[in-house]
Structures are given as structure tokens and as C-alpha cells.
Amino acid sequence: MITGLDHVQLAAPPGSEAGLRAYYAGVLGMTEIPKPAALAARGGCWFRAGGAELHLGIETDFRPARKAHPGLLVADLDALADRITAHGAPVTWDDGLPGRRRFYCADPVGNRLEFLGV
């Protein structure tokens, strides 16, 4: 039986690691974690915040995930939305989930991300 979620992986284009690091670590405040040596040569980068782990793997034939997305829990949703917009990325608020505050945005390579208040 499934007991939890270890990580979510998103794809990214070759050569995008610097921008991903700037966004996921710099803007979102996630911590980059080292990839195992056997996987590091493939490129990409991994991040963690709280119990969430997000892996970004390099895909030569990259196309951003525009519908599929991770849903990340956030303690101060308004502050994160302000931080993201201050860095030039728009956020889209969505009230379609009763009882939950959330917004969507795209990472630097166009992958959809959802942020939900706790």
C-alpha cells in the first residue's frame, strides 16, 4: 500500500539549471539538495522545502507541463504571491476549490505550479 509521496518530478530544457536554481531556491526559498553521483551527470536539480521534494530533470524534447502540476502548501500565501510578482512572474488566483485559497504560476521554463494556503 502507498504510505506517502517521495517526490514530484518536472521536466526542464537542457541548460536551464541556473534559472531553475534562481527561481526555486532564490524566489521560492526551497533548498537545493545534491543529486546522487550516478544521476548528477544527467543534469537537472532537486529541491526540498518542508516535506515536499521537487526534482527537475532535463529533457531534450522538453515541453512544459501546462495542466499537470505539483500542489505546494504555503504558510503565508499572500507573502509568497507578492514575492513571486516582485520577481516579475504573474500569479493567477483561483477560488474554484471550496474552503481553500490558492494560486497558480509558471516556473521559468513554463511548468505550472499550484500554491495552497495551509
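Student: What makes the count of aromatic pairs come to four here?

Tutor: The count of four follows from one rule: rings of Phe, Tyr and Trp (its six-membered ring) pair if their centres lie within 6.5 Å, and planes under 30 degrees apart count as stacked, over 60 as edge-to-face and the rest as tilted. Keep in mind that this is a predicted model, where local features need pLDDT of at least 70, side-chain atom pairs count only at pLDDT 80 or more, and totals for chains, interfaces and linings use all residues. Residues are numbered from 1 along each chain as its sequence is written, and side-chain values use heavy atoms, with hydrogens and water left out.

Student: Why is the pair of Y24 and F47 called stacked?

Tutor: The centres of Y24 and F47 are 5.4 Å apart, and the limit is 6.5 Å, so they pair. Their planes make 25°, which is under 30 degrees, therefore the pair is stacked. Y23 joins Y24 and F47 in one aromatic cluster.

Student: Is Y24 buried or exposed?

Tutor: Y24 is buried, as is F47; buried means under 20% relative accessible area, exposed over 50%, partly exposed in between (1.4 Å probe, protein chains only).

Student: How do you know that R112 lies over the face of Y104?

Tutor: A charge sits over a ring if NZ of Lys or CZ of Arg is within 6 Å of the ring centre and within 35 degrees of the ring normal. R112 lies at 3.8 Å from the ring centre of Y104, so the distance condition is met, and R112 is indeed placed over that face.
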